[in-house]
Amino acid sequence: MKRQFLITADGSTTIYLPEWNENYHSKHGAIQEAEHVFLKMGLSLFYDFKEVTILEVGFGTGLNAYLTLLDAQSKNLKVNYVGAEAYPVSFDEIRHCNYPEQLNKTREVFEKLHTSEWEKDSIIIDTFIIKKRKQFFSEISDENKFNLIYFDAFGPRVQPELWTVDQFQILFKSLKQKGVLVTYSAKGSVRRALQEVGFTVERLPGPPGKREMLRATKL
Ligand SMILES: C[S@@+](CC[C@H](N)C(=O)[O-])C[C@H]1O[C@@H](n2cnc3c(N)ncnc32)[C@H](O)[C@@H]1O
């Protein structure tokens, strides 16, 4: 599928899929959205842990992984990160992503996330280990493993099959007790599907340009 690069409202890049008229991130600000949905409403719940295990559903450009690495490093929190992705973004495309520059960092760490081998644990910095797994979301088979899931699939408008009871059951199983899933969508059908598999769901204020988002907890 054809991918084009766009600049979002906060100056950070995103990828646009013309065939689906869908972006990888919010046009109101890719970095701002990720910081709000995944860090503020997700990762911050685990700041007083020594170590946190995270599954990202849709690794894409690696923006969420990169922001998580930086935030956790500043909090002295160790992260074991798994990025699931069926259609990896090429390294040539990654060169167009301006996240390090937007955050006043060198490109080294961000690029290391992308040059690290697939299917293998890679130490990016002392406090951040990543395993990128090339797989379909339906193939996730972990059990009782993650503290936190970043559910960052394309929206239910273009990929309704990923926002279903079947998919959420797979993710529920992969979480530890008290584990949390965060997502940018606040759609009623998504909330109901999450509740149906046993999650306790909160509607929270959304990132800039979006009224609400969802956080689901496996109590
Ligand atoms: C919204 S984008 C993810 C954005 C990403 N988190 C980032 O920060 O760039 C959704 C991602 O899911 C991937 N994807 C779509 N359908 C998938 C499927 N069925 N299984 C695995 N990955 C899929 C796409 O290739 C894309 O990278």
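Mentor: Two residues are in contact, or touch, if their C-beta atoms, placed from the backbone, lie within 7 Å. This is a predicted model, in which local features need pLDDT of at least 70, side-chain atom pairs count only at pLDDT 80 or more, and totals for chains, interfaces and linings use all residues. Residues are numbered from 1 along each chain as its sequence is written.

Trainee: Which residues does V182 touch, not counting residues up to four places away in sequence?

Mentor: V182 is among the members of the largest nonpolar core that touch the most other members. Such a core is a set of buried Ala, Val, Leu, Ile, Met, Phe, Trp, Tyr and Cys residues joined through C-beta atoms within 7 Å. Leaving out residues up to four places away in sequence, V182 touches V37, F38, M41, G42, Y150, F151 and R215.

Trainee: Is I31 buried or exposed?

Mentor: A residue is buried if 20 or more other C-beta atoms lie within 10 Å of its own, exposed if 12 or fewer, and partly exposed in between. Because I31 has 22 other C-beta atoms within 10 Å, I31 is buried.

Trainee: Why are F110, L113 and H114 on the same side of α5?

Mentor: Helices are DSSP runs of H or I with at least four residues, numbered from the N terminus. In helix α5 (residues 108-115), F110, L113 and H114 are buried. They lie on the same side of α5 because they cover an arc, taken from the directions from the helix axis to the C-beta atoms, of only 95° around the axis.

Trainee: Which exposed residues does the face of α5 turned away from its buried side carry?

Mentor: The buried residues of α5 pack against elements including α2 (63-74) and α3 (91-94). On the face turned away from that buried side, the exposed residues are E108 and T115.

Technical notes:
Helices (H or I, at least four residues) and strands (E, at least two) are DSSP runs, numbered from the N terminus.
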